[in-house]
Every structure is written in C-alpha cells, then in structure tokens.
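Colleague: Please put the model on the screen, and I will go through it with questions.

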Amino acid sequence: MSSSSVPTATAQNKARRYTDARRRIDALLGDTSDWISAMATVACELHHSLDQYDWTGFYRAVSADELLVGPYQGPHGCLRIDVGRGVCGAAARTRETQLWPDVSEAPDHIACQSSTQSEIVVPVLTPGEELLAVLDVDSDTLGAFDETDREHLEALCEDLGERFGNTPLR
C-alpha cells in the first residue's frame with residue numbers, strides 16, 4: 001500500500017466507526033424523550049467506539065453566560081465554563097464547531113486535563129438556534145480530529161438538537 005493511500009484508509013475506517021456508533025446510538029435512544037439520558041448514552045457510546053477519544057461529554061447551556069458539565073466519560077472535566085471562554089465557550093458563543101488539532105494554538109484554551117492535545121467541540125442547537133449544549137471531545141493525541149470527525153459529529157448534534165429541542169431540562 002502506498003503512503004498516499006494510508007490517510008484515505010484511515011479516514012474510511014474512522015467514518016465506518018462513526019457510522020457503526022451512530023447506528024448503535026439511534027437504537028439505544030429509541031423513543032426516549034429524556035435529554036439527560038440521551039446525553040449520557042451518546043457520550044458513553046462515542047467514547048467507547050473511537051480510540052482517539054480520551055474525554056467525551058456535554059457541557060449544558062444553563063444560561064446565556066454559563067455552561068455546566070453534563071454527562072461525560074473520561075477523567076474529571078471542568079465543572080463550569082463561561083460562554084466565550086476556551087474552546088467550549090467559543091463553540092457556545094459562535095454556534096460553530098471548534099476543531100483544534102493542536103490545543104496549544106487555541107486562544108484562551110482551558111486545560112481541564114493537562115494531557116489534552118486535540119479537541120473538537122460541536123454545538124447542539126434547536127431548530128430555532130437555541131443552544132442546548134456543546135459536545136466536547138478531547139484527545140491526548142496531537143492531530144486526532146479532522147473533517148471526518150466534524151462531519152459525523154455535526155450530523156449527530158444536529159439530530160440531537162432537532163429531537164430534544166423542546167426539552168425543559170438544561
């Protein structure tokens with residue numbers, strides 16, 4: 001196999017793992033209407049499905065200014081993050097995915113875990129663009145996340161926002 005085909009094979013393998021994880025998530029969520037249970041299930045399934053995931057979880061939007069840790073897998077996370085601060089706060093403020101292959105380059109990065117090297121954070125928005133939460137995934141591997149991760153996590157978070165957009169729970 002030539003070295004130029006290795007990244008493609010790796011991307012295809014990663015996409016397949018996301019597709020398989022998504023199939024399991026959809027089956028596990030079934031007809032649940034509980035947002036907290038859904039976040040816990042998603043965090044667990046993603047964390048155990050993808051090798052590069054070292055911290056996987058949600059920060060819940062409890063107000064326009066504050067994110068509080070929600071269900072997660074991995075070592076302890078930050079309990080509270082101000083909207084606009086760090087990678088999670090930037091995703092909450094801009095309502096856009098934050099993809100940092102090297103978190104040392106991220107302005108105002110919050111090091112909840114000193115071992116974190118890469119991070120991707122995807123907002124979970126209702127159809128009316130209200131922020132429910134952000135999905136935060138950290139890796140201890142530099143360059144762990146790419147456009148394949150962005151594509152699959154954005155699709156998942158879009159579906160979660162549509163499905164749980166009317167939840168009173170934050």
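Colleague: Which residues does Pro101 touch, leaving out those up to four places away in sequence?
Modeller: This is a predicted model. Pro101 sits in the loop between β4 and β5. With residues up to four places away not counted, Pro101 touches Gln117, Ser118, Leu142, Gly143 and Phe145.

Colleague: How far apart are the C-alpha atoms of Pro101 and Glu119?
Modeller: Along the chain, Pro101 and Glu119 are 18 residues apart. The separation of their C-alpha atoms is 6.5 Å.

Colleague: Is Pro101 buried, partly exposed or exposed?
Modeller: Its relative accessible area is 39%. Buried requires under 20% and exposed over 50%. Pro101 therefore counts as partly exposed.

Colleague: What is the order of helices and strands along the protein chain?
Modeller: The protein chain has 4 helices and 6 strands. Read along the sequence, they follow the pattern α-α-β-β-β-α-β-β-β-α.

Colleague: What radius of gyration does the protein chain have?
Modeller: The C-alpha trace spans about 50 × 40 × 30 Å along its principal axes. For 170 residues, a compact globule would have a radius of gyration near 15 Å. The protein chain agrees with this, at 15 Å.

Colleague: What share of the residues of the protein chain counts as buried?
Modeller: The protein chain exposes about 8300 Å², of which carbon and sulfur atoms supply 49%. Among contacts with a separation of 6 or more, residues 24 or more positions apart account for 56%. Of the 170 residues, the buried share is 45%.

Colleague: Why is helix α3 described as largely enclosed by the rest of the structure?
Modeller: Helix α3 covers residues 86-94 and has 9 residues. The buried ones are Gly86, Val87, Cys88, Gly89, Ala90, Ala91 and Ala92. Helix α3 is largely enclosed because the buried residues number 7 of the 9.

Colleague: Which strands do the buried residues of α3 pack against?
Modeller: The residues in question run from Gly86 to Ala92. They pack against β1 (55-61), β2 (66-73), β3 (80-82), β4 (98-100), β5 (118-125) and β6 (131-139).

Colleague: What is the phi of Arg95, the residue that follows α3?
Modeller: Arg95 lies in the loop between α3 and β4, and is partly exposed with a relative accessible area of 34%. Most residues other than glycine have a negative phi. Arg95 is not a glycine, yet its phi is positive, at about 60°.

Colleague: Where is Glu129, with its positive phi near 70°?
Modeller: Glu129 is a residue other than glycine, and its phi is near 70°. Its place is the loop between β5 and β6.

Colleague: How far apart are the mean positions of the positive and negative charges?
Modeller: The protein chain has 14 positive and 28 negative charges. The mean positions of the two sets are separated by 3 Å.

Colleague: What is the N to O distance in the salt bridge of Arg24 and Glu45?
Modeller: The structure holds 11 salt bridges, and side chains of opposite charge can pair when their charged atoms come close. One of them joins Arg24 and Glu45. This pair links distant parts of the chain, with Arg24 in helix α1 (residues 6-29) and Glu45 in helix α2 (residues 35-49), 21 residues apart. The N to O distance is 2.4 Å.

Colleague: Which partner in that pair is buried?
Modeller: Arg24, at 37% relative accessibility, counts as partly exposed. The relative accessible area of the other residue is 15%, and the cut-off for buried is under 20%. The buried partner is therefore Glu45.

Colleague: With which residue does Asp82 form a salt bridge?
Modeller: Asp82 is partly exposed, with a relative accessible area of 31%. Its partner also counts as partly exposed, at 46% relative accessibility. The closest N and O atoms are 2.7 Å apart, and the partner is Arg80.

Colleague: By how much of the helix are Arg150 and Glu154 separated?
Modeller: The side chains of Arg150 and Glu154 meet in a salt bridge at 3.8 Å, N to O. Arg150 has a relative accessible area of 22%. Because Arg150 and Glu154 are 4 residues apart in helix α4 (residues 147-163), the separation is about one helical turn.

Colleague: Which residues are joined into one network by salt bridges that share partners?
Modeller: The network rests on salt bridges with shared partners. The residues joined are Lys14, Asp146 and Asp149.

Note on methods: Residues are numbered from 1 along each chain as its sequence is written. This is a predicted model: local features need pLDDT of at least 70, side-chain atom pairs count only at pLDDT 80 or more; totals for chains, interfaces and linings use all residues. Side-chain values use heavy atoms; hydrogens and water are left out. Helices (H or I, at least four residues) and strands (E, at least two) are DSSP runs, numbered from the N terminus. The radius of gyration is taken over C-alpha atoms; the globule rule is 2.2 Å times the number of residues to the power 0.38. Buried means under 20% relative accessible area, exposed over 50%, partly exposed in between (1.4 Å probe, protein chains only). Contact means heavy atoms within 4.5 Å. Accessible areas come from the Shrake-Rupley method with a 1.4 Å probe; for residues, only the protein chains shown count as cover. Lys and Arg count as positive and Asp and Glu as negative; His and the chain ends are not counted. The place of a charge is taken as NZ of Lys, CZ of Arg, CG of Asp or CD of Glu. A salt bridge is a side-chain nitrogen of Lys or Arg within 4 Å of a carboxyl oxygen of Asp or Glu.
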